[in-house]
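Please load the model in your viewer and keep the selection panel at hand. The tour goes from one selection to the next, with a short account of what is found at each stop.

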Amino acid sequence: MAVGESQIESGSESVAEDDDVEARVGWRYTVAQVKRDTTARWGLYIVSFVLFVAVYALIDSNLSRLTFGHVSNYRFAQLLPIFDHPTHIPPPGEGRAHVPPYFPLAEQSWNPLPAGGTLEHPLGTDRAGRDYFTRIVYGTQVSVFVGLISAFIGLLGGTLIGATAGYYGGRIDDVLMRAVETVYSIPPLILIIVFTVFVGGANIWYAVLGVGITFVPVFARIIRSRVLSIREMDYIEAARAAGVRDRNIILRHVIPNSFAPVLVYATLQIGVTILIVAGLSFLGYGAQPPTPDWGAMLRTAHGYMHSNVWLSIWPGIAIMITIMGFNLFGDGLQDALDPRIND
Amino acid sequence: MSSEPLLRVENLKTQFFTEAGTVRAVDGISFEVREGEIVGLVGESGAGKSVASMSLLRLVEDPGEIVAGEITYKGETIFGLEEGPNGELRERDDVLSNEEIRTRIRGNEIAVIFQDPMESLNPVFTVGGQLREFIELNRGLGEDEAKAEAIDMLREVGIPDPEQRYEEYPHQFSGGMRQRVLIAMALACEPSLIIADEPTTALDVTVEGQILDLVDELQAKYGTSFIWVTHDLGVVAEICDRVNVMYLGEIVEQAAVDDLFYDTKHPYTDALLDSMPRPDRTVDDLEPIEGVMPEAIDPPSGCRFHPRCPHAREVCKRVHPEPKIVAGDGEPHRAACVKHDAFDVGYDESPPLEDRGPTPSGEDSADTDSESGLAPNPTADDGGERRE
Amino acid sequence: MKLLKYTIYRLLQAIPVLIGISVITFLLANLGPGDPVSLMLQGQEHTEAQVRAIEQRYGLDKPLHERYVTYMAGLLQGDFGRSIHYRRPVADLMLERIGPTLLLVLSAYAFALVTAIPLGIIAANKRNEPTDHVSRIVALFGVSTPSFWIGIVLILIFAVKLGWFPSSGLVYPWRSPDSVRGISSYPELYYETLRHLLLPMIALGTLQMATIMRVERTQMIESLQGEYVKLARAYGVPERTILRKHAFNVAQLPIITIVGLNLSTAIGGAVLVETVFNINGMGRLFVDAIAQNDYQLVMGITMMLGFLFVMGVIITDISYAYVDPRVTYGESD
């Protein structure tokens with residue numbers, strides 16, 4: 001019975017647009033599988049939570065008791081409504097500071113509040129007196145956007161190069177794939193640092209671009225092999241015989257049909273991206289202080305790791321949970337598309 | 001009939017406990033294998049042939065389990081249940097332990113040949129190494145003796161240059177050659193019984209012929225008994241002495257090979273024979289069996305074949321027939337069909353199921369039939385009653 | 001013989017890639033806005049003539065392609081140029097620093113393989129049982145946690161809190177015992193090496209362990225479902241032998257490939273772990289070179305690490321071809 005129903009549904013859709021039936025049925029199947037698969041469901045929960053926190057931090061500028069004071073160094077923040085909230089900085093040793101999460105203070109000699117110290121600062125404050133919890137929350141934004149954007153750059157570049165290589169074949173294919181192989185052969189972290197520092201100067205946007213570039217090879221390979229295999233399929237042959245131009249075939253059939261597996265891969269890559277960017281920031285070549293980036297926070301905290309242990313712990317946990325979410329979700333998607341292993 | 005058969009299977013039931021429900025893959029089959037004969041186990045895919053044959057080695061994969069019946073081999077009990085003091089079923093004491101089954105039965109008493117020669121050999125070990133390992137294990141020979149034996153066996157099954165081929169890897173062999181290797185493997189362990197699970201299905205017709213000839217020849221020479229699992233009645237005619245026809249986990253007909261072909265007693269066997277291409281018939285004469293076999297998870301009531309049976313009558317939906325002797329002088333010919341007098345359940349008086357006639361479009365009939373297979377078709381009831 | 005041919009073929013194949021690496025590195029280092037001359041002068045007072053002199057000395061007055069040719073000619077003779085900051089040949093500097101990095105990466109791999117393979121096999125064999133779930137969760141943590149943070153946590157627990165292991169530095173086993181303070185014999189030296197190596201090894205190896213374990217589990221599950229395993233069972237082969245021999249050998253082949261490909265993540269990870277643990281390897285050298293805009297040194301290290309990765313992949317490819325009888329040493333892909 002269930003089979004009959006889904007046939008009817010997909011049938012009525014196919015009236016609208018014949019071309020995409022295959023892709024849509026695939027999507028529907030994927031969604032159904034994700035709902036069933038525990039791994040994918042948990043991944044989805046975590047990813048949704050992280051995205052929610054990121055967006056929430058974007059919207060609610062009055063997030064903590066702390067608002068923005070000095071935001072000029074931080075580009076995301078320029079998009080946000082700015083509340084002029086007075087900053088309270090007592091003389092060293094007297095009382096607690098109230099400092100916004102972006103406040104570009106040099107690290108001071110304040111004793112940071114320990115974790116769980118007060119309701120106001122559940123994770124305490126850092127050495128500059130900034131609320132750590134708020135900074136962790138804002139860190140979500142940086143990680144998530146950086147992850148999404150660089151995975152997207154890799155996806156876009158890879159699709160372009162892979163499709164071109166697979167479509168033209170011959171010498172163009174050779175040259176492009178050799179180039180891609182070369183980029184692949186330099187360890188990503190090294191390549192990104194060299195790229196960031198020599199081309200752009202230490203800056204999060206160049207880091208994002210660099211990470212994106214290092215992902216181009218894998219996506220290019222996947223897309224290329226899909227293009228090559230789909231080219232040989234019967235319905236593509238038929239379209240070609242009917243006089244449809246190759247370029248249109250690639251754009252309308254091949255790329256939509258390769259999209260599901262590539263997207264799964266992209267989901268898994270987001271986790272890797274966040275991992276790499278955290279490493280970059282930790283080395284000082286990603287997000288720069290006072291940006292509340294987890295990697296950069298760990299870099300700062302590393303200097304005080306003996307005296308202020310927890311400052312080195314929280315950002316790491318945040319990174320771990322976020323990446324875990326994307327990995328779980330990606331794994332679940334993969335299982336949904338290839339149920340052979342985890343049935 | 002006088003002496004005890006090599007293998008006796010009685011009322012064997014193997015079930016798979018899945019999320020969707022219990023799949024009764026093998027549902028109460030009984031048959032025997034005598035010394036030196038080739039017994040066929042025939043049916044469509046999904047009939048339970050392979051599960052039945054693997055049950056004989058107690059190698060049913062999870063979530064499957066043998067739940068009832070008795071398997072006796074050379075007087076030893078491979079499987080058997082008894083009623084415990086509290087009325088629960090438990091394994092009998094004389095049932096061989098897992099360890100005994102592994103060391104004494106598998107390989108050295110009962111060997112197998114699988115369907116897919118491409119996948120059955122381990123790709124990273126040499127053919128000779130695999131052969132030698134099984135020979136060492138099952139015949140207790142030393143390394144050198146086992147190697148000599150392996151090379152002899154390769155020669156025996158018609159592999160040229162056996163000394164050289166011994167050192168080669170499976171991917172260097174053709175499909176037919178690999179199947180010969182698997183036959184050599186089975187014979188080299190000197191078992192009394194070989195289970196051949198569709199061993200020629202994956203091969204070309206010409207290669208299939210060669211393999212069948214080879215088996216025929218070697219069987220005569222070594223006197224090994226075979227259980228030949230197949231869906232191909234042509235192969236059965238060529239090689240088997242006696243045949244068991246399986247449908248949905250049950251044996252529906254059991255006879256000597258000639259009786260089965262020339263005096264068919266079950267409509268399903270008839271249908272199988274009619275769907276088989278033969279030189280004396282044109283394509284137009286071929287009659288494919290109506291519909292598809294229903295799922296073993298929820299078999300039809302009464303006779304399991306009735307939704308597809310051209311002779312089905314009202315009574316077939318109600319009465320579930322066990323195989324009974326319906327003919328045969330020396331060799332009993334059993335069939336599980338109520339149209340035979342032996343059953344006496346009022347088949348002749350029962351009204352036929354009306355709308356069972358052949359449908360013009362193959363696909364349509366497949367759909368309706370598989371549906372009615374899951375739940376008896378209500379329109380069939382109405383039609384039947386209106387008629388008389 | 002075939003294998004030798006394949007080796008030569010793979011090495012020849014690597015040449016264009018290595019040239020490509022050199023081009024990319026050279027362009028990145030030379031097109032950047034950072035001006036090496038002003039760097040060398042370090043903000044000192046200088047005249048136009050001084051600048052000219054330095055440009056001439058380092059060949060910076062010549063056009064880019066000429067400089068590239070000169071650089072490559074030097075590379076072929078093992079001359080990586082001179083470090084601007086250290087004022088020493090780049091090759092010498094790298095030679096000094098490569099030992100600790102290799103020691104770290106290799107021991108991380110050893111740790112990863114020794115733990116991941118048994119865990120993966122157990123997980124596959126006890127599929128969907130508690131052991132499987134635990135090892136899958138461990139693997140998930142492993143692929144989701146930055147190596148440098150694992151390092152930090154390890155230091156905090158085992159060095160700071162418990163004081164069991166040192167928190168920084170490395171004792172080189174190839175030095176003589178006298179060169180290290182407080183050590184007089186070789187056994188002591190090796191013991192100290194192990195003590196220093198353990199935490200960074202785990203920090204760097206965890207990601208590798210997790211990746212290898214996942215692949216191992218998947219491969220073993222697939223292998224255990226193979227027809228050849230069914231056949232072995234039907235011939236009475238004991239379950240242990242099936243697990244250790246019949247299913248195992250087939251499942252290990254993809255591991256070889258993974259080890260090679262993961263080398264690039266391991267090298268990146270080494271940069272971070274060396275920073276956290278204060279180990280004077282290539283990674284630290286690289287970070288310092290970047291910080292000092294020492295473009296000659298950066299070029300040299302980038303090329304060297306790219307070269308190491310390419311060689312690693314070739315070695316694993318050849319081992320794969322050696323182990324898997326099915327590989328045809330074809331001239332085409």
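What span should the 13 residues of helix α4 of chain B have at 1.5 Å a residue, and how far apart are its end C-alpha atoms? Select residues 127-139 of chain B in this predicted model: the expected span is 18 Å and the end C-alpha atoms lie 18 Å apart, so expectation and model agree.

Keep α4(B) selected and add its surroundings. Because ten of its 13 residues are buried, the helix is largely enclosed by the rest of the structure. Among these buried residues are B:Val127, B:Leu131, B:Phe134, B:Ile135 and B:Leu137, but also B:Arg132 and B:Glu133, as well as B:Gln130 and B:Asn138. To see what they pack against, show α5 (143-156), α6 (162-166) and α7 (175-188) of chain B. Then step past the end of the helix to B:Gly140, which follows α4(B) and has a positive phi, near 65°.

Next, bring chain C into view beside chain B. The contact between them takes 23 residues from chain B and 17 residues from chain C. On the side of chain B that touches chain C, the elements giving two or more residues are α2 (98-105), β8 (110-113), α3 (117-120) and α4 of chain B. Of these, α4(B) gives the most, with three residues, so that the helix just visited is met again here. By class, this side of chain B divides into twelve nonpolar, seven polar and four charged residues.

Stay with chain B, but move to its open sheet, in which four strands follow the order β2-β1-β4-β5 with antiparallel pairing. Its edge strands, each paired on one side only, are β2 (21-33) and β5 (76-79) of chain B, and from one strand to the next the twist averages 10°. For a closer look, select β4 (residues 64-73) of chain B together with β5(B): the two pair in the antiparallel sense over three bridges, and B:Ile71 has B:Phe79 in β5(B) as its bridge partner.

Now turn to chain C. The unreviewed UniProt entry annotates residues 12-31, 102-125, 137-160, 253-277 and 297-323 of chain C as "transmembrane region". Select residues 137-160 of chain C, a span that is 92% helix and 0% strand, with its end C-alpha atoms 27 Å apart. Then select residues 253-277 of chain C, where the chain is 96% helix and 0% strand and the end C-alpha atoms are 34 Å apart.

With chain C still shown, add chain A: 38 residues of chain C are in contact with 36 residues of chain A. Several elements of chain C give two or more residues to this side, including α1 (2-31), α8 (186-224) and α13 (295-323). The largest share, seven residues, comes from α1(C). Coloured by class, the side of chain C that touches chain A shows 26 nonpolar, eleven polar and one charged residues.

The last stop is chain A itself, for which the unreviewed UniProt entry places "transmembrane region" at six stretches that you can select in turn, 42-59, 142-168, 175-198, 204-223, 262-287 and 307-330. Over residues 142-168 of chain A the chain is 100% helix and 0% strand, with 38 Å between the end C-alpha atoms. Residues 262-287 of chain A are 85% helix and 0% strand, and there the end C-alpha atoms lie 28 Å apart.

Terms used: Residues numbered from 1 in each chain as written. Chains lettered and ligands numbered in written order. Predicted model: local features only at pLDDT ≥ 70, side-chain atom pairs only at ≥ 80, totals over all residues. UniProt positions renumbered as here; feature names shortened; annotations may be inferred. Pairing = 2+ DSSP bridges. Axes fitted to C-alpha atoms, helices over the stretch in contact; angles between N-to-C directions. Contact = placed C-beta atoms within 7 Å. Nonpolar A, V, L, I, M, F, W, Y, C, P; charged D, E, K, R; others polar. Expected span 1.5 Å × (residues − 1). Buried ≥ 20, exposed ≤ 12 C-beta atoms within 10 Å, placed from the backbone.
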